[in-house]
Amino acid sequence: SFNTLKSSIQSVEAQYLSSSEQFNLSANQFQSTQEKINLEKATIDFIHKTEEETNARISFLTNEINNIDLSGKSLLEEKDADLSDKRSDVEKIEEKISENKSLSSDLEEEIDTFRQYQIEIQKELSQIEGEIKTLAQIQDDTQGNESLKSWTSQHNINTSNRLWEKLKIKTDWVTAIESALGGKLNAVLAQYESIAHRPPASMVLANLNASHAYKPKNNKLNSALDAIEISDPLLMNLLSEWLSDCYLIPKGESYKNFIGNLEQGEFLVNQQGDIFTKNSVSFYGKDASLNGILIRQERLKALQDKFPSIEKSYKDVLNKLNSAELQLNDYEEQADSFSEELKDALNELHQTEIEVEKIQQSIAYANEKHSNIKREQNELQVKLTQIEIDKTSKSSFIQNLEGDLMLNNSIVGLNDLEFDIDNSIWEGIEDRITVKRPKT
């Protein structure tokens, strides 16, 4: 009936609409899945490109590491040893400078001591020279005036000794013997038998011969000969002749204790040079012509004996001073040389320090670069690992999508078939409707 047909048409129409909607939904899902597949494939292509770039970067970094110069460590060890040697050289030079400075300081003090000693000895030497010259002149004046000196020269006795030059007397009795001998002290010790004529002035000539000695006759008194300290027997013979009647008054004693023991022609003398006889006293004074001649001679002889040793000491200290000054000059030259040597050594040390610092910086830079590259390589390895994971994940995902795509393609095909069937049914129904449609 018509209503049945109408109901059938509505049912087919609903079925058709449902198939059409299902078809459109399947077609959309298919397109969406295809787009996802294309996107994932593009992503995989990008991953492959990233992998290639990463591997290329790793190769580049590996080459960079191989090209890093890490030989600086052995060079640094060599330069450190060289630096240590140069520091040692500087220390040795500084030690030499310090030692030289110490030696120079000690030597300067020694030179100051030598100079002070030189001044003192020179002063003493000048004083001795002056005193010797003065005493020698005084003693020479006792030898008479120029005419008498000329006379002794003519008779070849001008170089003969005077008695006072040969005498040595006990210290306490010098003045006593000087007074007792009187003018005989200035006697010329020379042979007088060949003298042709008298001298122009008074003088005493004395022979030294082997004649017998005169012995003191008075045993109750102290002979003046006991005060003589000489070993020359000829000279003692002469003195025994001149002093055989002379006797000494002991120190602190009065002449009165001894005057009664004097024989005819004998006399006493005390330490002050006063001469006592039984009937007279002659007081000795500084105005005597030969006063002090023996003391002066003794002093002159002592100074003359002392002078060579003082002069030698002066020459010795002068030589030591000159030697010390030359040594100090050597030290000063050495100081200049050491200073230049230290300057050169410090320059070499500074240059070596700069070289060591550069090597250390180069090593630090190389180590830092090596570390940075290693770190980057490790990061890239991690990245490659992640890329492999991503590749596996994306490939699996694409396979799933492709499986879904095949399923959707089947559904779309089925829906398409159903749609075609529904479309045929619908067309058949439309034909039936057209045949059976009642006339109006």
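These legends describe an overview and several close-up views of one predicted model.

The model is predicted: local features need pLDDT of at least 70 and side-chain atom pairs count only at pLDDT 80 or more, while totals for chains, interfaces and linings use all residues. Residues are numbered from 1 along each chain as its sequence is written, and side-chain values use heavy atoms, with hydrogens and water left out.

**Figure 1. The whole chain, with seven helices and seven strands.** Helices (H or I, at least four residues) and strands (E, at least two) are DSSP runs, numbered from the N terminus. Along the sequence they follow the pattern α-α-α-α-α-β-β-β-α-β-β-β-β-α. The radius of gyration of the chain is 73 Å, well over the 22 Å that the globule rule gives for 440 residues, so the chain is more spread out than a compact globule. That radius is taken over C-alpha atoms, and the globule rule is 2.2 Å times the number of residues to the power 0.38. The C-alpha trace spans about 230 × 50 × 40 Å along its principal axes. Of the 440 residues, 31% count as buried. Buried means under 20% relative accessible area, exposed over 50%, and partly exposed in between (1.4 Å probe, protein chains only).

**Figure 2. Close-up of the aromatic pair Y255 and F276.** Rings of Phe, Tyr and Trp (its six-membered ring) pair if their centres lie within 6.5 Å; planes under 30 degrees apart count as stacked, over 60 as edge-to-face and the rest as tilted. The count by this rule is one aromatic pair. The ring centres of Y255 and F276 are 4.4 Å apart and their planes are at 10°, so the pair is stacked. Y255 lies in the loop between β4 (246-248) and β5 (267-269), and F276 in strand β6 (residues 275-276), 21 residues apart. Y255 is partly exposed, at 32% relative accessibility. F276 is buried, at 8%.

**Figure 3. Close-up of K184 and the ring of W242.** The charged end of K184 sits over this ring, 5.8 Å from its centre. A charge sits over a ring if NZ of Lys or CZ of Arg is within 6 Å of the ring centre and within 35 degrees of the ring normal.

**Figure 4. Close-up of T54 in helix α1 (residues 2-67).** T54 is buried, with a relative accessible area of 3%. A polar atom of its side chain lies 2.7 Å from the backbone oxygen of T50. Leaving aside neighbours within four places in sequence, T54 is in contact (heavy atoms within 4.5 Å) with L380, K383, L384 and I387.

**Figure 5. Close-up of helix α5 (residues 174-181).** Seven of its eight residues are buried, so α5 is largely enclosed by the rest of the structure. The buried residues are V174, A176, I177, E178, S179, A180 and L181. G182 follows α5, and its phi is positive, near 60°.

**Figure 6. Close-up of N156, in the loop between α3 (146-154) and α4 (163-166).** Phi of N156 is near 60°, a positive value in a residue other than glycine. N156 is exposed, at 64% relative accessibility.

**Figure 7. Close-up of D344 in helix α7 (residues 293-436).** D344 is partly exposed, with a relative accessible area of 42%. The C-alpha atoms of D344 and V90 are separated by 9.4 Å. Along the chain, these two residues are 254 residues apart.

How values were computed
Polar contact = N/O pair within 3.5 Å; in protein donor to acceptor, adjacent residues only side chain to side chain.
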